[in-house]
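Thanks for coming. I will take one structure today and go through its helix packing, then a few single residues. Here it is.

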Amino acid sequence: MTAQIHHCDICIVGNGAVGKAAALGFAQAGLKVAVLCRSAVALPMSAQWDVRVFALNHIAHDLLSSLKVWDALDLQRVAAVTEMNVRGGKSVDDGQLAFDAYGARTGELAWIVEDKNLNHALDTAMKFAQNLSVVKGAAASLHADEHGAQINLEDGSQIKASLIVGADGAQSWVRGQCDIGLDYRSYGQQGVVTNFECELPHHGVAHQWFVEEQGIIALLPLPGNRVSLVWSAPDALAATLLREPLSALVSRLEEYCLDTLGHLTPVLPEDIKAFPLRLIRPHSMIAQRVALIGDAAHAVHPLAGHGMNLGFGDVTSLLALMKAREDHRDCGDAKLLERYRRSRKEDVMLMQITTDGLARLFGSDLAPLRLARNVGLNLLNRLPVLKNKLISHAMGK
């Protein structure tokens with residue numbers, strides 16, 4: 001294949017949902033965009049329910065709506081979360097905290113969307129976007145100076161841009177090329193995911209149980225009488241859950257949900273997956289002519305379901321700054337990137353501290369901490385003003 005030179009305003013490295021949303025936003029703003037990825041194979045939609053789902057908040061909803069992507073989703077496969085019930089254990093005597101959309105003065109707290117549904121809608125929109133091209137290939141090196149940035153590909157091709165956006169995940173190649181240091185800690189947990197039919201209607205309620213030695217169990221509503229399991233399980237338990245028959249997993253779950261959801265039936269018995277959970281704090285979200293977004297910029301514990309929302313928040317902020325930039329600044333201007341860093345610092349830090357702190361607190365098996373935690377849940381549940389401020393922030397409102 002003949003080596004080529006691609007010229008663009010912004011080059012996005014990565015082919016995940018956050019990177020695709022950024023590409024669409026920049027292209028729709030009139031900028032010339034190139035998306036670099038190893039493979040551009042679009043995920044096909046199928047009748048089977050995807051076990052990987054996201055709880056998208058209002059920031060994500062508003063961004064996808066502005067990009068004309070939300071209405072392109074298969075909305076028959078999207079479930080609104082109207083209430084969230086958090087418990088400090090499986091006993092009725094354990095702490096409990098409930099949020100509902102009515103109390104938060106909104107129609108929905110969040111929306112549960114399958115990974116394939118989201119990416120299919122984004123892929124379709126990208127096919128019709130002007131100023132947007134997809135470059136398939138493997139990156140070899142990245143160079144940046146005050147005049148511009150360049151990515152050299154293994155086949156000899158080059159991409160020249162004013163700005164490189166690293167949207168290439170927790171193990172970001174772009175971040176590594178910029179020598180951005182990071183703080184890394186494994187939680188010693190796996191996120192175990194699969195789907196179930198439930199005997200009783202879920203009424204749009206998301207359930208979450210914090211169970212010391214067993215981790216965090218979440219059952220999220222899907223359309224119909226279906227729920228999606230996200231179990232943040234210690235590594236040894238996760239290995240057991242993946243190895244044993246799903247009938248054993250059902251028995252474990254029904255200890256918590258039988259009264260509210262009834263008996264569970266696996267939607268697709270052979271479809272259960274797991275992914276490692278870790279905290280990744282890069283020392284910067286920017287470098288010379290480089291901006292990081294999504295998991296490349298921050299990876300958090302999924303207990304609050306906000307990893308994807310943080311990424312869409314990055315896109316929203318960077319896109320707004322790009323549209324409002326002064327005429328004399330190009331897309332990779334240092335002051336523009338510094339504005340982006342400042343705009344995201346508080347939200348990202350707050351979510352990292354909150355999710356990490358909750359993971360540590362609810363993972364403790366010390367009796368005094370368990371007691372204080374459950375008392376705190378019950379107390380917060382009785383303080384509607386504070387509780388609704390918390391949920392409004394989580395929704396991105």
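Start with helix H2, residues 58-66, and helix H7, residues 307-324: their axes come within 9 Å and cross at roughly 50°. Axes here are lines fitted to C-alpha atoms, for helices over the stretch in contact, and angles run from 0 to 180 degrees between N-to-C directions. H2 and H7 are therefore oblique to each other. On that wording, angles under 35 degrees count as roughly parallel, over 145 as roughly antiparallel, 65 to 115 as roughly perpendicular, and the rest as oblique. The crossing of H2 past H7 is left-handed; that is the term if the near helix is turned anticlockwise from the far one by less than a right angle, and right-handed is the term if clockwise. On the H2 side the contact is made by Ile59, Ala60, Leu63 and Leu64, and on the H7 side by Asn309, Phe312, Gly313, Val315 and Thr316. Contact means heavy atoms within 4.5 Å.

Before I go on, two points on the source. This is a predicted model, in which local features need pLDDT of at least 70 and side-chain atom pairs count only at pLDDT 80 or more, while totals for chains, interfaces and linings use all residues. Residues are numbered from 1 along each chain as its sequence is written, and side-chain values use heavy atoms, with hydrogens and water left out.

H7 has another partner, helix H1, residues 17-28. The axes of H1 and H7 come within 9 Å and cross at roughly 20°. That makes H1 roughly parallel to H7. This crossing is right-handed. H1 contributes Ala17, Val18, Ala21, Ala22, Gly25 and Phe26 to the contact, and H7 contributes Met308, Gly311, Phe312, Val315, Leu318, Leu319 and Met322. Note that Phe312 and Val315 of H7 appear in the contact with H2 and also in the contact with H1.

Staying with H7 for a moment, look at Arg344, which lies in helix H8, residues 334-363. Is Arg344 buried or exposed? Arg344 is buried, with a relative accessible area of 6%. Buried means under 20% relative accessible area, exposed over 50%, and partly exposed in between, with a 1.4 Å probe and protein chains only. Leaving out residues up to four places away in sequence, Arg344 touches Met285, Leu310, Gly313, Asp314 and Ser317.

Next, helix H6, residues 246-261. A straight helix of 16 residues would span 22 Å at 1.5 Å a residue, but H6 spans only 17 Å between its end C-alpha atoms. The expected span is 1.5 Å times one less than the number of residues. Where is the kink in H6 centred? It is centred on Glu255, and the angle is about 65°. The bend at a residue is the angle between axes fitted to the seven residues ending there and the seven starting there. The buried residues of H6 include Leu249, Val250, Leu253 and Tyr256. Among the elements covering the buried residues of H6 are strand S14 (182-198), strand S15 (205-211) and helix H5 (235-243). After H6 comes Gly262, with a positive phi near 75°.

For contrast, take helix H3, residues 115-127. H3 has 13 residues and reaches 18 Å from its first C-alpha to its last, close to the 18 Å expected at 1.5 Å a residue.

Now two loop residues. Lys68 is in the loop between H2 and strand S5 (79-81), and its phi is near 65°, a positive value in a residue other than glycine. At 65% relative accessibility, Lys68 counts as exposed. His203 sits in the loop between S14 and S15 and has a positive phi of about 55° although it is not a glycine. His203 counts as exposed, at 62% relative accessibility.

Then two glycines. Gly148 is in strand S11, residues 148-153, and is buried at 18% relative accessible area. Gly148 and Gln288 are 140 residues apart in sequence and 9.1 Å apart in space, C-alpha to C-alpha. Gly169, in the loop between strand S13 (163-166) and helix H4 (173-177), is partly exposed at 24%. The C-alpha atoms of Gly169 and Ala297 are separated by 8.2 Å, with their positions 128 residues apart along the chain.

Last, the whole chain. It has ten helices and 21 strands; helices (H or I, at least four residues) and strands (E, at least two) are DSSP runs, numbered from the N terminus. Buried residues make up 51% of the 397 residues.
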